[in-house]
Amino acid sequence: MPIIQFAPFSSLINPTFWHTLTQLKIDVLKLSSDSVPITGSYTYGKTVVDRESGKEIALGSNLGLSGESFDAAHTASPHSVTVKGTLKNFNTIEEFKSSDKAALFNALADELWSSDFPEDGNKFLVLTFADLKKYKYYYWCAFPAFVVKPSWEIGEGGWESVGSGGSFGEEDLRTIASREEPNAPFFLVRRNAGGKIETTPLIASAYPGFFTDVPEKDRYVAFIDPSSLPQNPGWPLRNLLTYLVRHSAPYTSTAASPAATSPKPPSFKIISWRDTDVPSEDGGKGWKSLLGRVYLPAAPDLGKTSTEVEKVVRWNAIGWERDGKGKMSPRLADLGGMMDPRRLADQAVDLNLKLMRWRILPALDLERVSRTKCLLLGAGTLGCYVARVLMGWGIRKITLLDSSRVSFSNPVRQPLFEFEDCLEGGKPKAECAAERLTKIFPGVDAQGITLSIPMPGHPIPANEAIVNKTKADVAKLEALIEEHDVVFLLMDSRESRWLPTLIGAAKNKLVLNAALGFDTYLVMRHGGHTPSISTSTSSSEEAAGEKKKLGCYFCNDIVAPADSLSDRTLDQMCTVTRPGLASIAAASAVELMVSTIQHPLGIEAPAPPVEIATGKQSSLDSGDTSHESVLGIVPHQIRGFLAQWRNMIIKGDAYSRCTGCSDIVINEYRSKGFEMLLRAFNESKYLEELTGLDRLYEEGEKALGDVDWIEEEGSGEDF
Amino acid sequence: MDDVGQQEDGGDESALSPPTVKSQARTVTIDQFIVYSATFQVPTFYFSAHQSDGSTLGLRDIEALRLLNAHSRPNSEMNSYAITPIASPFPLLSQGDHPTLGTPCWYFHPCETSTAVQEILNDIGEMDWVGEDGLARWMGAWFSVLSSAVDLRM
C-alpha cells in the first residue's frame, strides 16, 4: 500500500513577529544569543475555491508566528493549536551562517525524544539574524520529525471521509466536534461498550490506558490536521505516530530488546480531524475530516540498542524548512518597504499620484509622466519653480544647468535656495538646486551642472583654449539634450535660448520655453520635427489644408538673435518681474508639458482650433476632440497678462526662414556641426544670410516700391 | 549555507516533496478590520497585506492583487442599484497605524463615508427603519459602498 507522504509545515510569519523581535533585541537581548522560548500556532487545514478556475486549492500547512509568539501569557484563538518553540537570534550574519545547526537541531530532537508529553512532538526551532540597518531578517525554521524505516503506509482505501465510510454516524461526529478541549492537538476516540463515542485529549499517560478493554476495531487516534490535501496528512502526525509506537507494547522503552520477539507491526486507525464546525450539509457529506489505517509493513528498525541500558537510541530526525525555491536554505524577509523611511516616502508620493488617477482621471498615464527625463536650462526663479512642480508630478530624473552662483537676492524668489547658500561668494546654483531637490525627496535623481551656454552675438575670443572649451561645452550640451526627453528653456536672455532650440529641433526633443516680462509671460512648446512629417513652405500647400508644423521661440523674428545683454539698464539686466509671475509661468510650463505628453501624438500634438482657443466654442460642441489630451487642450503658446488677469491661447506656425528651427539651419548644423555654430556665435550677419532673412528686408522694400498707390483727390465716397 | 546535520533530504520518502507543495500559488495574507472612527462617527475599513515571510506588500503589489477595484470602476459605471450610477469616486486610500493594534495599515479615509452611504439609502428609498433594523440596513449600505472599492469576496 502506498507510502504516506506527510505535508511539511511551512512557516507563516506576521510582520508583528519581526517588530517584536526587533524590540526584544534592542531592549532585552542586546548582544545575547540565548534561546528565547516562543510559541507558534497552527489551525485546521483550509481550502479555497479559485474564482477563476473553480478549482479547490489547498492552503499551505502553516505554522504561524506573530508578535504574540513572544508573549507567554497569550491565549490561543479558537480552533487553533498552540505549540512551543525556541528562537535563537544571532548577532551577525557570519554567526548565523556558521552556527552549528546540526547540534542545535539534534539537541531539540533529543529533547523531543526524551519527553513524556506527546504535545512536545510539535516543538520547533527558529534561528534568526536581524539586520536592523537594512530592515532585513534572515530566518530558518526547523520542525523535527522522527524518521522510521520502513516508512508509514496507508491502508487499503486510502484516506476516506469520516462521514461516508460507515465507521461513524452523524451523532458520533457531532460528539467529536463538540469535545472538551477542542484545541488539544491530539486526542483519543473510542466506541464504548454501549456503542457511544467517547474522546479524551492525548496527554501523558492517557495512552494506552484509554483503550483498556476496548476492541481494536473501536480504537481511533485523532489529531488536528493543518494539512488540507486529500492524501497527505500534516506533519504533526509523524511524531504522534512515533509516540504511539514507543508507548505500545512491545516497543515501549522498558520492554526487552524487540529483536528477541517477533512482534506484530504497529497499525493505528488515524482520524485526520479537519472540521471546525458541524457542517451544514446533511447526510455526512459535509465533513472534511478523514479516516485511514496507518501502519508499518514490518517491525520498525529501532537502530542500535545500547548494551548497557536496554534503552533504544533515538531515531533520526529531519525537518529543516526549505526556502521558497525548495532548497535547504534559510529565508529572508525584507521589511524595508514598511520600515525604511526612503521607501515609505517613495510609496507615499506614488500613492498620491495614483489617487489622482483612481479618483478622477482613470485615463491618466502616470508612468509615462514619471519616466520623462527633464533637463532644465536655468536654475533661477523659473528653474526652481519648474523643478518643484516636476517633482509633484512624480518625475524622477531632473538635471539643472546654470552658469552662476547663488546671490543674496535669490533665496526669496528662488525657492530652492537658502541664505546660507549665498555666503562665501555663493554656491554654484545648479549643484545647489540639485542637492536641495534630493533633500526634499531622496527618491529623485537630481544632477546639477555648471555650464555657460554660448550665444549668437557674443563672439568667442580667437584664443585656442577658449574655442576648445566652447566646443567642449557645446558637446556637453548636445549630450545632455540627447539623454533627456524634455528640455526647459528657463534662462534670463533671449539669445541664450538659440543654441538649445536648434539642438532640440535637430534631435526632435520636446522643448518648453518660458519667458517673463514685468507682468506678462510667455509659455510655449516648440513644434515637433518628427521626420515623417515634413514642413510645407509654399502657401498653396497651406491652402490645401496640409498640417503645418508649429513654430519655435524665434519663428516670429525677422532678425537673428543678437546681443541684448550689453548696455542694458539695471532693471533690464535683472529681469525685474512681479514676484508671483514666475511661479505662474513655471507651473504652466510644466502642466503644458504633461498635457503634451498625455496626448497620443506627443510632441506632434496639434494646437487647438482657433474657435476653441479663443473660447468661442467648446470642444464638446464641435465633437472633434482629436486635439485634446485627457487633461484638455494642448496649446502651442500661452501668453499671460497679469494686469488683466487674462491668458491668450495662441498658435504660431513654423517659419521657413527661422534662425532657430528651419530646415535650412538644421541641415547646416547637421552637416557642419561646431564650425557652423561658431560662425553663428561670432558673425552677426551669418544666420540672417543663411536663412535668407537679410533678403527679406530688401524684398519687403522692393514690394512696397512695386505697389502703385492710387492717390485720388476728393472725398473718396465711392468705395 | 549548508551542513545542517542529518539532512539527507533527498532520502526522506515520507515527506511531500517541495515542488508539489510549492505549486500552490504564493500565499498573501490580508488582514481586514472594521474600526469605528470616533472623529467621523462611521465605521472605517482598514487592511494590511503580508507575505508568508512577514514582509508587507507595497502599493504596487497591492494593486497587482486586484483587491482594489481602482481600475475597473470608472465613475460613470452603473451598479446594481440601477436608479443612479455610482457618483462616489474611489475613496481616499491612506496609510496609517491601526488605532488599537498600532500596526501599519492601509485604510479608506472616512470623511466621505457618511455621504456615500446616505446616497445609497436615498436611492433605495429609506423607509421608516428604526433601531437595530435601521442600523443593520445602514451597515448593509456601508458594505455595498465598500465593495465598490474593494473586492470583498462575500
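How many salt bridges does the rule find across the interface of chain A and chain B? Hold on to that question for a moment, and let me first show you around. Hi everyone, and please keep in mind that what we have here is a predicted model.

Let's meet the two chains. Chain A has 719 residues, and 49% of them count as buried. Its secondary structure comes to 22 helices and 27 strands. If you take the contacts in chain A with a separation of 6 or more, residues 24 or more positions apart account for 72% of them.

Chain B has 154 residues, with 38% of them buried. Here we find four helices and four strands, and if you read along the sequence, the pattern is α-β-β-α-β-β-α-α. For chain B, 51% of the contacts between residues at least 6 apart in sequence join residues at least 24 apart.

Now back to where the chains meet. The answer to my opening question is four: that is the number of salt bridges the rule finds across the interface of chain A and chain B. One of the salt bridges in the model joins Glu112(B) to Arg359(A), at 3.0 Å from N to O. Looking at polar contacts, the count between the two chains is 13 residue pairs.

Which elements of chain A give two or more residues to the side that touches chain B? Among them are helix 1 (15–29), helix 3, strand 8 and helix 7 (341–359). Helix 7 of chain A gives the most, with eight residues. Sorted by type, the residues on this side of chain A divide into 32 nonpolar, 14 polar and 15 charged.

How far does the meeting of the chains extend? On one side 61 residues of chain A are in contact, and on the other 49 residues of chain B. Together the chains bury about 4,700 Å², with 53% of that on carbon and sulfur atoms. Three residues, Gln347(A), Trp358(A) and Arg359(A), supply 17% of the area that chain A buries against chain B, more than any other three. You have already heard of Arg359(A), the partner of Glu112(B) in a salt bridge.

Let me zoom in on another pair. Lys354(A) and Glu63(B) meet through their side chains in a salt bridge, 2.9 Å from N to O. This pair crosses between chains, from helix 7 of chain A to helix 2 (residues 59–65) of chain B. Are these two residues buried or exposed? Lys354(A) counts as buried, because its relative accessibility is 4% and the cut-off is under 20%. Glu63(B) is buried as well, with a relative accessible area of 15%. And this pair has company: Asp350(A), Lys354(A), Glu367(A), Arg60(B) and Glu63(B) are linked in a network of salt bridges. If you are wondering about the general idea, side chains of opposite charge can pair when their charged atoms come close.

Next, a look inside chain A. It is divided into domain 1 (10–148 + 325–334), domain 2 (153–315) and domain 3 (348–700). The C-alpha centres of domain 1 and domain 2 of chain A lie 26 Å apart, and 33 residues of domain 1 are in contact with 32 residues of domain 2. The area buried between these two domains is about 2,800 Å², and carbon and sulfur atoms give 60% of it. Tyr44(A), Trp113(A) and Pro118(A) supply 29% of what domain 1 buries against domain 2, more than any other three residues.

Across this domain interface the rule finds one salt bridge. Arg314(A) forms a salt bridge with Asp110(A), with the closest N and O atoms 2.5 Å apart. The domains also have 12 residue pairs in polar contact. On the domain 1 side, helix 3 of chain A brings the largest share, five residues. That side divides into 18 nonpolar, 11 polar and four charged residues.

One last stop is helix 20 (residues 674–682) of chain A. Its buried residues are Phe674(A), Met676(A), Leu677(A), Leu678(A), Ala680(A) and Phe681(A). What covers them includes helix 12 (464–483), helix 13 (498–506), helix 19 (663–672) and helix 21 (686–691) of chain A.

To finish, over all chains the count comes to 26 salt bridges. Thanks for listening!

How values were computed: Residues numbered from 1 in each chain as written. Chains lettered and ligands numbered in written order. Predicted model: local features only at pLDDT ≥ 70, side-chain atom pairs only at ≥ 80, totals over all residues. Heavy atoms only, no water. Domains from an automatic or database assignment. Contact = heavy atoms within 4.5 Å. Buried area = accessible area lost by both parts, 1.4 Å probe. Polar contact = N/O pair within 3.5 Å; in protein donor to acceptor, adjacent residues only side chain to side chain. Nonpolar A, V, L, I, M, F, W, Y, C, P; charged D, E, K, R; others polar. Buried < 20%, exposed > 50% of the residue type's maximum accessible area, 1.4 Å probe, protein only.
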